[in-house]
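Me: I have a protein chain open on my screen and would like to learn how to read it. Could we go through it step by step?

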Amino acid sequence: MDYRLLWIDDEIELLKAHILFLEKKGYQVTTVSNGYDALDRCAESSFDLILLDENMPGLSGLETLSRIKELTPATPVVMVTKSEEENIMEQAIGAKIADYLIKPVNPTQILLTLKKNIHQREIVTEVTQTAYQQDFGKLGMQINGATRIEEWFEVYRRLTDWELQLAATDSGMKEMLSMQRTEANVEFGKFIRKNYMRWMDDPEHRPVMSPDIFKTTIFPLLNRGEKVFLMVIDNFRYDHWRTIYNEVAEMFSIEESLYCSILPTATQYARNAIFSGLMPNIIARMFPELWVDEDSEQGKNLNEAPLIKTQFDRYRRHNTFSYHKVNDSAAAEKLLAQLPSLQKYDLNVVVLNFIDMLSHARTESRMIRELANNEAAYRSLTLSWFRHSIIGDLFRAIATTGCHVVLTTDHGSICCDNPVRVVGDRNTNTNLRYKLGKSLSYNAKEVFEIREPHRAGLPAPNLSTAYIFALGKDFFAYPNNYNYYVQYYKNTFQHGGISMEEMLIPLITMQGKSRH
């Protein structure tokens with residue numbers, strides 16, 4: 001493909017050697033010696049990039065730049081000029097030039113700016129694709145050899161990093177990466193099947209899990225006399241965190257880690273475990289008034305503030321805390337207005353429900369499914385929410401207070417595409433990624449089953465209650481009305497089961513840079 005350049009310079013005859021160099025590289029170069037002719041050319045033809053001198057008689061470079069932007073706003077313009085005046089540079093940068101080069105320039109400098117502004121995507125695509133191909137085998141060996149949770153954290157980080165890099169390119173490697181991620185989740189499912197009950201039997205030697213967050217992360221900060229905001233974004237995956245990282249990094253210094261959610265990876269279990277510091281069966285036994293059974297019509301997360309209080313009391317802590325649930329912009333604005341008064345508390349817990357609401361809306365709304373029709377679009381909506389909603393303002397305001405922020409979640413989610421048949425009675429719960437009941441029928445090879453719920457820290461409504469968990473991208477479907485059910489739920493984001501996306505979740509500690 002031939003790329004078309006327009007070079008505007010009143011001394012264009014002195015640039016013949018540069019132009020010949022570019023033409024040998026395959027570029028078509030149109031030259032003009034003043035701004036008026038340049039505008040005529042832009043009106044007649046389209047160009048891939050424009051090279052513009054600032055110091056010209058008649059229409060100045062900056063005036064020409066302004067009018068070119070009106071005619072062809074998407075075309076990159078590179079200022080090539082003798083002027084080193086700072087105000088000229090600032091005006092040019094303010095007008096969104098693509099680059100600024102000081103004369104005399106050599107052909108290699110020109111070629112570099114062309115590669116940056118015309119060819120960047122194809123170069124990045126080629127380099128990224130080659131790098132992933134080279135890493136593919138090593139990553140495969142790491143997946144097959146992972147025997148510790150820390151190794152799975154690293155596998156998941158690397159897969160996510162490649163997914164984000166490839167998503168920004170036109171590479172055909174995305175399908176290969178998707179297959180490798182599927183393979184990783186198969187092996188991760190085997191790892192959880194092998195180790196989960198051992199972790200439950202030996203809590204002292206398990207990885208950091210949902211009930212440990214306060215003990216390992218919040219209490220040490222409070223012990224140092226720090227003021228802390230615990231921000232819990234429901235359904236917040238590691239790739240979502242990586243997507244908003246640059247937004248947050250402008251405001252905070254960051255320490256990043258991952259931790260492991262308990263099963264089921266659902267709010268009722270995982271978030272209540274975070275706030276209480278207890279496994280769900282212990283909550284149900286010690287605080288029956290604060291635990292809501294699966295078959296209850298009552299909301300499953302209405303007792304979070306009292307559960308936090310029970311954990312403070314159990315550890316004989318006298319720290320003050322506040323609790324806030326944010327479901328919409330009005331609640332976020334109210335919280336932002338309260339920020340000065342909230343600094344009197346040692347701990348402020350804020351639950352943000354947007355991403356969870358988005359995943360549910362995507363299932364139920366055809367329009368939202370179109371807007372978030374794949375993982376990249378889902379991440380893009382998450383970034384847009386953080387960047388343009390009051391939540392971004394809330395984080396910016398907290399960054400100025402000197403308080404620490406612990407940003408985490410209760411569980412992630414996974415896009416499910418493979419139905420697995422299961423049969424249960426009318427009392428079986430409705431979640432598509434886990435089931436509990438006393439008369440479940442299923443293929444044991446397709447699920448992770450827990451027949452002794454108490455050993456896994458789970459309540460058992462009946463003596464014969466069992467739990468089963470979907471693996472990878474599976475979801476449970478009933479045989480009756482099977483085709484409709486599968487069509488409705490296929491390629492929807494669900495949680496409750498076993499996957500890296502649901503179980504390996506971000507735990508981020510931050511402090512505002514302005515106070516350093």
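Reply: Happy to! One definition before we start: contact means heavy atoms within 4.5 Å. Also keep in mind that this is a predicted model.

Me: With that in hand, which residues does T382 touch, not counting residues up to four places away in sequence?

Reply: Start by finding T382 in helix α17, which covers residues 375-388. Leaving out residues up to four places away in sequence, the residues that T382 touches are H240, I244 and I355.

Me: Does T382 count as buried or exposed?

Reply: Buried means under 20% relative accessible area. T382 has 0% relative accessibility, so the word for T382 is buried.

Me: Let's stay with that helix. How are α15 and α17 oriented to each other?

Reply: Two packed helices are described by the angle between their axes and the distance between the axes. Helix α15 (residues 354-364) and α17 pack at about 140°, and their axes are 11 Å apart. Angles over 145 degrees would count as roughly antiparallel and 65 to 115 as roughly perpendicular, with the rest above 35 being oblique. The orientation of α15 and α17 is therefore oblique.

Me: What is the handedness of the crossing, and how many residues of the contact of α15 with α17 are nonpolar?

Reply: The crossing of α15 past α17 is right-handed. On the α15 side the contact is made by F354, I355, L358 and S359, and on the α17 side by Y378, L381, T382 and W385. Sorted by class, there are no charged residues in this contact, 2 are polar, and the nonpolar ones number 6.

Me: Now for another helix pair. How do α7 and α8 lie to each other?

Reply: Helix α7 takes up residues 149-167 and helix α8 residues 174-201; they pack at an angle of about 160°, with axes 11 Å apart. Angles over 145 degrees count as roughly antiparallel. The description of α7 and α8 is therefore roughly antiparallel.

Me: How many charged residues are in the contact of α7 with α8?

Reply: In this pair, α7 passes α8 in a left-handed crossing. Residues of the contact include W152, Y156 and E163 of α7, and R181, F188 and W199 of α8. The contact divides into 13 nonpolar and 2 polar residues, and the number of charged ones is 4.

Me: Let's turn to strands. How many residues of strand β4 are buried?

Reply: Strand β4 spans residues 77-81 and is mostly covered. V77, M79 and T81 point one way from the strand while V78 and V80 point the other way, and all are buried. Of the 5 residues in β4, the number buried is 5.

Me: Which residue in β4 is the bridge partner of I50?

Reply: Strand β3 (residues 49-52) runs parallel to β4, and 3 bridges join them. In β4, the partner of I50 is V77.

Me: Which strands stand at the edges of the sheet with the order β7-β18-β10-β6-β9-β8?

Reply: This is an open sheet of 6 strands with mixed pairing. A strand at the edge has a single partner strand, so one side is left without a neighbour in the sheet. The edge strands here are β7 (252-260) and β8 (321-326).

Me: Which residue in β18 stands opposite Y259?

Reply: β7 and strand β18 (residues 504-512) run antiparallel and are joined by 9 bridges. Opposite Y259, in β18, stands I505.

Me: Which helix packs on this sheet?

Reply: Look for a helix that touches β6, β7, β9, β10 and β18. Its direction makes about 150° with that of β6. The helix, at residues 213-223, is α9.

Me: Which residue in β15 stands opposite L436?

Reply: Here 3 strands form an open sheet in the order β13-β15-β14, with antiparallel pairing. β13 (434-437) and β14 (447-450) each have a single partner strand, so they stand at the edges. Over 4 bridges, β13 pairs with strand β15 (residues 466-470). The residue opposite L436 is Y467.

Me: To finish, what percentage of the residues in the protein chain is buried?

Reply: Zooming out, the secondary structure of the chain comes to 20 helices and 18 strands. Its C-alpha trace spans about 90 × 55 × 40 Å along the principal axes. Among its 516 residues, the buried share is 54%.

Terms used: Residues numbered from 1 in each chain as written. Predicted model: local features only at pLDDT ≥ 70, side-chain atom pairs only at ≥ 80, totals over all residues. Heavy atoms only, no water. Pairing = 2+ DSSP bridges. Helix = DSSP H or I, 4+ residues; strand = E, 2+ residues; numbered from the N terminus. Axes fitted to C-alpha atoms, helices over the stretch in contact; angles between N-to-C directions. Left-handed = near helix turned anticlockwise from the far one by under 90°. Nonpolar A, V, L, I, M, F, W, Y, C, P; charged D, E, K, R; others polar. Buried < 20%, exposed > 50% of the residue type's maximum accessible area, 1.4 Å probe, protein only.
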